[in-house]
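Subject: The structure you asked about

Hi,

Here is the structure, ready to open in your viewer. Have a look at it first, then read on for my notes.

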Amino acid sequence: TILTLRDSGKVGIGTYNPDKKLDIRGSVRIGDGTSLEQDILFVSSNGNWKVGTNNSGNGTDNNHFYIYDTTHRLTVQKGTGNVGIGDASPSYKLDVNGTGRFTSTLLVEGDATVSSNLFVEGNATITGDLTINGTTTTFNTTNVVVEDSLISLATNNTGDAVDIGFYGKYVSGSTYYTGLLRDASAGGYHL
């Protein structure tokens, strides 16, 4: 069957019994191969969407595939395969401009870099070493439980001018501090 036109106004290509206005059974080619942009426009009372390809991205020959309404919602770059969500020029395999959510496991097999804040709602399990760089690390929790029998402090200390230890604050009429501390100026440990 090459082309079927039914009294209902349905057109079939590759089928005698089209069940939609246009029913194509087989591969479809859209575009003349010479235009910089080819797309399909979906029009509804709730808004319009375009699906197509053009040379306004950052893939090979600037070519990318896109889904668009008033802005690029999803793009796939030719050559790199980079995918952009809310980003017309993705620089990574997945480049998300906005908030992302995973309702199941997110597996990262390699390095993960967080260039801003990281918020974890729930438990975090780290199997391996954890290195925290910065001036202050704050634990806002009721208890800190350490299963190791040894806590190493000031491992990068190369001099004798650093106070070493841990202490806590308590208030009983007045404010007090208690802990175990090596006072560098006194040269010994104090409780």
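Below is what I found, going roughly from one end of the chain to the other.

One thing up front: this is a predicted model, and every value here is computed from it.

**The sheet at the start**

There is an open sheet of 3 strands in the order β1-β2-β3, and its pairing is mixed. β1 (4–5) and β3 are at the edges with a single partner strand each, so each has one side without a neighbour in the sheet. β2 (residues 11–13) runs parallel to β3, and 3 bridges join them. If you want a spot to zoom in on, Ile13 stands opposite Ile24 in β3.

Those two isoleucines turn up again in a nonpolar surface patch of about 970 Å². The full list of patch residues is Ile2, Leu3, Ile13, Leu22, Ile24, Val28, Ile30, Ile40, Phe42 and Trp49. The elements that give two or more residues to the patch are β3 (22–24) and β4 (38–44). Trp49 comes from strand β5 (residues 47–54). With a relative accessible area of 37%, Trp49 is partly exposed; a residue has to be over 30% to count towards a patch, so Trp49 passes that cut-off.

**Two salt bridges**

The count of salt bridges comes to 2. As a reminder, side chains of opposite charge can pair when their charged atoms come close.

One of them is between Arg25 and Asp23, with the closest N and O atoms 2.8 Å apart. How do the two ends sit, buried or exposed? Asp23 counts as buried, at 8% relative accessibility, while Arg25 counts as partly exposed at 46%.

The other is between Asp69 and Arg73, where the closest N and O atoms are 2.7 Å apart. Here Asp69 is partly exposed at 23% relative accessibility, and Arg73 is partly exposed too, with a relative accessible area of 37%.

**The β6-β7-β8 stretch**

Arg73 brings us to strand β7 (residues 72–77), which pairs with strand β6 (residues 64–68) in the antiparallel sense over 5 bridges. A hairpin of 3 residues joins β6 to β7. On the other hand, β7 is also joined to strand β8 (residues 83–85) by 3 bridges, again antiparallel. β7 and β8 form a hairpin as well, with 5 residues between them. Look at Gly79 in that turn: its phi is positive, about 90°.

Which residue of β7 stands opposite Ile67? That is Leu74, and Leu74 also stands opposite Ile85 in β8. Picking out Leu74 in the viewer therefore takes you to both pairings of β7.

**Tyrosines in β10 and β11**

Further along there are 2 aromatic pairs in the structure. Tyr167 and Tyr177 make an edge-to-face pair, 5.7 Å centre to centre with 70° between the planes. This pair links distant parts of the chain: Tyr167 is in strand β10 (residues 164–172) and Tyr177 is in strand β11, 10 residues apart. Both rings belong to exposed residues, with relative accessible areas of 61% for Tyr167 and 53% for Tyr177.

Why is the pair of Tyr170 and Tyr176 stacked? Their ring centres are 5.3 Å apart and the planes are at 25°, so the pair is stacked; the cut-off for stacking is under 30 degrees. Tyr170 counts as partly exposed at 40% relative accessibility, and Tyr176 counts as partly exposed at 39%.

**Arg182**

Last stop: Arg182, also in strand β11 (residues 174–183). Is this arginine buried or exposed? Arg182 is buried, because its relative accessible area is 15% and the cut-off for buried is under 20%. Leaving aside neighbours within four places in sequence, Arg182 is in contact with Asp160, Val162, Asp163, Ile164, Gly187, Gly188 and Tyr189.

That's everything I have for now. Shout if you want to go through any of it together.

Cheers

Definitions and conventions. Residues are numbered from 1 along each chain as its sequence is written. This is a predicted model: local features need pLDDT of at least 70, side-chain atom pairs count only at pLDDT 80 or more; totals for chains, interfaces and linings use all residues. Side-chain values use heavy atoms; hydrogens and water are left out. Patches are made of residues with over 30% relative accessible area and no salt bridge: like charges are joined within 9 Å, nonpolar side chains (Val, Leu, Ile, Met, Phe, Trp, Tyr) within 5 Å. Accessible areas come from the Shrake-Rupley method with a 1.4 Å probe; for residues, only the protein chains shown count as cover. A salt bridge is a side-chain nitrogen of Lys or Arg within 4 Å of a carboxyl oxygen of Asp or Glu. Helices (H or I, at least four residues) and strands (E, at least two) are DSSP runs, numbered from the N terminus. Buried means under 20% relative accessible area, exposed over 50%, partly exposed in between (1.4 Å probe, protein chains only). Two strands pair if DSSP finds at least two bridges between them. Contact means heavy atoms within 4.5 Å. Rings of Phe, Tyr and Trp (its six-membered ring) pair if their centres lie within 6.5 Å; planes under 30 degrees apart count as stacked, over 60 as edge-to-face and the rest as tilted.
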